[in-house]
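Q: Please choose a single part of this protein and take me through it slowly. I would like to see how that part fits in with everything around it.

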Amino acid sequence: MTDLSRFLPLSQRRGRDDADVSVDRRAQVSQVVRAALPHLAGEDVRAAFVRDAGLADAGPLDEGTAERIAAGPPLRSTDLVRVVRAVLVHVADPVELPAPVTGAVALAASASAPFARRAAISGHTVRAADAEWSIGRGPELVASSRQIVAFLLGLSDEAPRRPAS
């Protein structure tokens with residue numbers, strides 16, 4: 001009998017060390033909070049950000065918040081999604097979000113977005129024009145990483161579009 005596993009995609013990939021792969025999102029949450037902190041003006045905005053980001057356990061929102069998050073208990077993708085959503089809602093100035101963060105949030109949000117938003121991207125490859133990530137398979141839809149994340153989180157009705165030919 002032939003070995004059918006040689007035809008499976010995972011059996012053909014090159015071996016590499018995956019020891020650094022983790023589902024813990026503390027570093028990314030910490031990075032997003034550090035980037036957003038200078039843009040959170042006013043106590044009301046800061047309080048709303050802490051509430052919506054689910055950061056009440058991180059202590060007061062100050063210069064040490066990012067370090068406390070990084071040293072705290074492990075965080076999941078849903079925590080990262082909640083923090084990025086809070087940044088998009090409460091920060092008026094555009095905050096530079098790293099590509100791995102927007103990619104992780106887009107991937108997580110694409111699985112949990114409302115049906116209409118999932119349907120809008122279903123059967124397509126959604127590619128960030130300003131970052132090196134894409135999700136899905138099929139004909140390509142393109143937008144900025146921020147636009148994709150905002151759409152999937154329900155903060156914008158502007159869906160990614162097919163690239164201009």
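A: Let's begin with a rule: rings of Phe, Tyr and Trp (for Trp, its six-membered ring) form a pair if their centres lie within 6.5 Å. By this rule, the count of aromatic pairs is 0. Please keep in mind that you are looking at a predicted model. A ring can have another kind of partner, though: the charged end of Arg117 sits over the ring of Phe151, 4.8 Å from the centre of that ring. Phe151 is one of the buried residues of helix H7, and H7 is the part I would like to look at closely with you.

First, a quick overview. The protein has 7 helices and 3 strands, and from the N terminus on they run α-α-α-α-α-α-β-β-β-α. Of its 165 residues, 38% count as buried. If you take the contacts with a separation of 6 or more, 56% of them join residues 24 or more positions apart. The accessible surface comes to about 10200 Å², and carbon and sulfur atoms hold 54% of that.

Now for H7 itself, which spans residues 145–152. Of its 8 residues, 6 are buried, so the helix is largely enclosed by the rest of the structure. Those buried residues are Ser145, Ile148, Val149, Ala150, Phe151 and Leu152. As you trace the helix, here is a handy fact: an α-helix has 3.6 residues a turn, so residues three or four places apart point the same way.

What do the buried residues of H7 pack against? Their partners are the helices H4, H5 and H6 and the strands S1, S2 and S3. Let's visit a few of these places.

Start at Ser145, with the loop between S1 and strand S2 (134–136), where you will find Asp130. Is Asp130 buried or exposed? Asp130 counts as exposed, because its relative accessibility is 52% and the cut-off for that word is over 50%. Leaving out residues up to four places away in sequence, Asp130 touches Ser144 and Ser145. A polar atom of the Asp130 side chain lies 2.8 Å from the backbone nitrogen of Ser145. Asp130 and Ser144 are 14 residues apart in sequence, yet their C-alpha atoms are 5.6 Å apart in space.

Now move along to Leu152. One residue in contact with Leu152 is Ser110, which is found in helix H5 (residues 99–112). Ser110 also touches Arg118, Ile121 and Ile135, again leaving aside neighbours within four places in sequence. Ser110 counts as buried because its relative accessible area is 18%, and the limit for buried is under 20%. Its side chain has a polar atom 2.7 Å from the backbone oxygen of Leu107.

Helix H6 (residues 115–121) holds Ala116. At 58% relative accessibility, Ala116 counts as exposed. The C-alpha atoms of Ala116 and Leu152 are separated by 9.9 Å, and these two residues are 36 apart along the chain. Just after H7 comes one more thing to find: Gly154 takes a positive phi of about 80°.

How does H7 fit into the wider picture? The largest nonpolar core has 44 residues, and Leu55 and Val84 are those with the most contacts inside it. H7 is among the elements that each supply at least two residues of this core, and others include helix H1, H5 and strand S1. H4 gives the largest share, 7 residues. Leu55 is in contact with Val33, Phe49, Val50, Ile69 and Val83, not counting neighbours within four places in sequence. One of these partners, Val33, is a buried residue of H1. The buried residues of H1 pack against helix H3 (65–71), H4 and H5, while H4 and H5 are also among the elements that the buried residues of H7 pack against.

H4 is worth one last stop, at His90. The side chain of His90 makes a polar contact of 2.5 Å with the side chain of Asp52. His90 also touches Leu40, Val45, Ala48 and Phe49, residues up to four places away in sequence left out.

To recap, H7 is a helix with 6 of its 8 residues buried, and those residues pack against H4, H5, H6, S1, S2 and S3.

Conventions
Residues numbered from 1 in each chain as written. Predicted model: local features only at pLDDT ≥ 70, side-chain atom pairs only at ≥ 80, totals over all residues. Heavy atoms only, no water. Helix = DSSP H or I, 4+ residues; strand = E, 2+ residues; numbered from the N terminus. Buried < 20%, exposed > 50% of the residue type's maximum accessible area, 1.4 Å probe, protein only. Polar contact = N/O pair within 3.5 Å; in protein donor to acceptor, adjacent residues only side chain to side chain. Contact = heavy atoms within 4.5 Å. Core = buried A, V, L, I, M, F, W, Y, C linked by side-chain atoms within 4.5 Å. Areas by Shrake-Rupley, 256 points an atom, 1.4 Å probe, with all protein chains shown as cover. Phe/Tyr/Trp six-rings, centres within 6.5 Å; stacked < 30°, edge-to-face > 60°. Lys NZ or Arg CZ within 6 Å of the ring centre and 35° of its normal.
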